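Here are a few exercises on how helices sit together, each with a worked solution. Grab your viewer and follow along.

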Amino acid sequence: MTAKDTTQPTATYDSAFLKACRREPVPHTPVWFMRQAGRSLPEYRKVREGIPMLESCMRPELVTEITLQPVRRHDVDAAIFFSDIVVPLKAIGIDLDIKPGVGPIVAEPVRTRADLARLRDLGPEDVPYVTEAIGMLTGELGATPLIGFAGAPFTLASYLVEGGPSRTYENAKAMMYGDPELWADLLDRLADITSVFLKVQIEAGASAVQLFDSWAGALAPADYRTSVMPASAKVFDAVAGYGVPRIHFGVGTGELLKLMGEAGADVVGVDWRVPLDEAQRRVGPGKALQGNLDPTVLFTDKDTVAAKAREVLDAAAGLEGHVFNLGHGVMPNTDPDALTRLVEYVHTATAR
C-alpha cells in the first residue's frame, strides 16, 4: 500500500471498529483496550519471561503472539500492535533501555543543539521486525483490524530531554520556554521519525494508527498550540494520504481536546476525567471519540463495572462515532476475566 492507494481489505474495512472511526452506523459499539496486549494476561507473562521489553518488541513471532492474545481471550474488535513508543529511538541508535517498574531511561539526554545530530532519520530498514510482524499478524487477524501506533513528538521529546520519566518535565519545559528554536527543531526531527514509523506500519498492513501523547496533559493550551501542535500535525498530515483512521490520545488532556482534534485526528481519545458528551462539546463536530471508562473500575464487582460502563455508553449516545475503551491503559493487576466480561457487556448492550 502507498499513500496514493487508500483501498483497504474489505474484511477489515467493514469492521465495527473502522466503521465507528469513520462515524458510520455500526452493528455494535466496538471495544479495544490500551495496553490490552499483555500486562494483565498470564499467557503474556509466560511468553515474556526472561525477555527484556525492547528485545520482545524486536522478535516478530513474539510480537505476533502477544498482539493476538487479547483478541483470542477478550474478543475485542481491534488488535493493538505490541511495541513501545521508544522503539524508533532505539532503532536509530539512541542509547536507551526500559527498566522494569521505571520506564524508558536515556543514557545521554538531549539538552543541546549538538545533541540533535544523534537523532538521524529513520528508515524502514531500521525496523524490519515491524514489517515482518505486521505481515504475520494481518494474516492471522483476518477481519479484525490492527492498530499501529507511535509516541507523539512531545512525549518522545520529554523522555529524551529528561532522560527518563518525569512528573514535572522541568528540563523539557525549560527548553520549550527558554530555547524555543531548539525545541521546535527537536520536535520537528521527532515528527519526521514518528511519521516514518507510522508509515512502515500502515504499509505493512495496519488498518488504523494511534498517536500517544501520553504526557501532553502537562501543557497549557496556549503552549500546546504554539510549541507542540505543529509537530503532531506534521505527523498526522504525513499519513493522511493512506486513508486509515488516525487516533490521538493523551492523559489529562481535557483542556486540550479541541486542539488535539485540530491537529489532524479523525478520532480523539478521552481519558476518564471528562464525560464523553462534554468531550464532544469541546472537540466539536466531525470527529469520533474513543473512551473512556476509568481503568480502576475493573477492580470492582461485575455489577459495578456494568453500571459504570453503562454511564459511558449513555454519555456517548449522541456521538457521531464511538469506540469504547478505557480512559488509560489496562493496569497490570486487572483480572483478565473482568475485561472479557466488559467486552461482552458492551457488545450486548449496544447491539443494533
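**Exercise 1.** At what angle do the axes of helix H7 (residues 128-141) and helix H10 (residues 180-204) cross?

*Solution.* Before starting, note that this is a predicted model, where local features need pLDDT of at least 70, side-chain atom pairs count only at pLDDT 80 or more, and totals for chains, interfaces and linings use all residues. Residues are numbered from 1 along each chain as its sequence is written, and side-chain values use heavy atoms, with hydrogens and water left out.

Step 1: helices are DSSP runs of H or I with at least four residues, strands are runs of E with at least two, and both are numbered from the N terminus.
Step 2: fit lines to C-alpha atoms, for helices over the stretch in contact, and take angles from 0 to 180 degrees between N-to-C directions.
Step 3: the two axes cross at roughly 35° and come within 8 Å.

**Exercise 2.** Which residues in H7 meet H10?

*Solution.* Step 1: use contact as heavy atoms within 4.5 Å.
Step 2: from H7 you get Val-130, Thr-131, Ile-134, Gly-135 and Thr-138, and they meet Phe-197, Val-200, Gln-201 and Ala-204 in H10.

**Exercise 3.** Where do the buried residues of H7 fall, seen down its axis?

*Solution.* Step 1: with buried meaning under 20% relative accessible area (1.4 Å probe, protein chains only), pick out Tyr-129, Val-130, Ala-133, Ile-134, Leu-137 and Leu-141.
Step 2: taking directions from the helix axis to the C-beta atoms, these buried residues fall within an arc of 125°, so they line one face of H7.
Step 3: their cover includes H10 and strand E4 (146-151).

**Exercise 4.** What follows H7?

*Solution.* Gly-142 does, with a positive phi near 60°.

Terms used. Buried means under 20% relative accessible area, exposed over 50%, partly exposed in between (1.4 Å probe, protein chains only).
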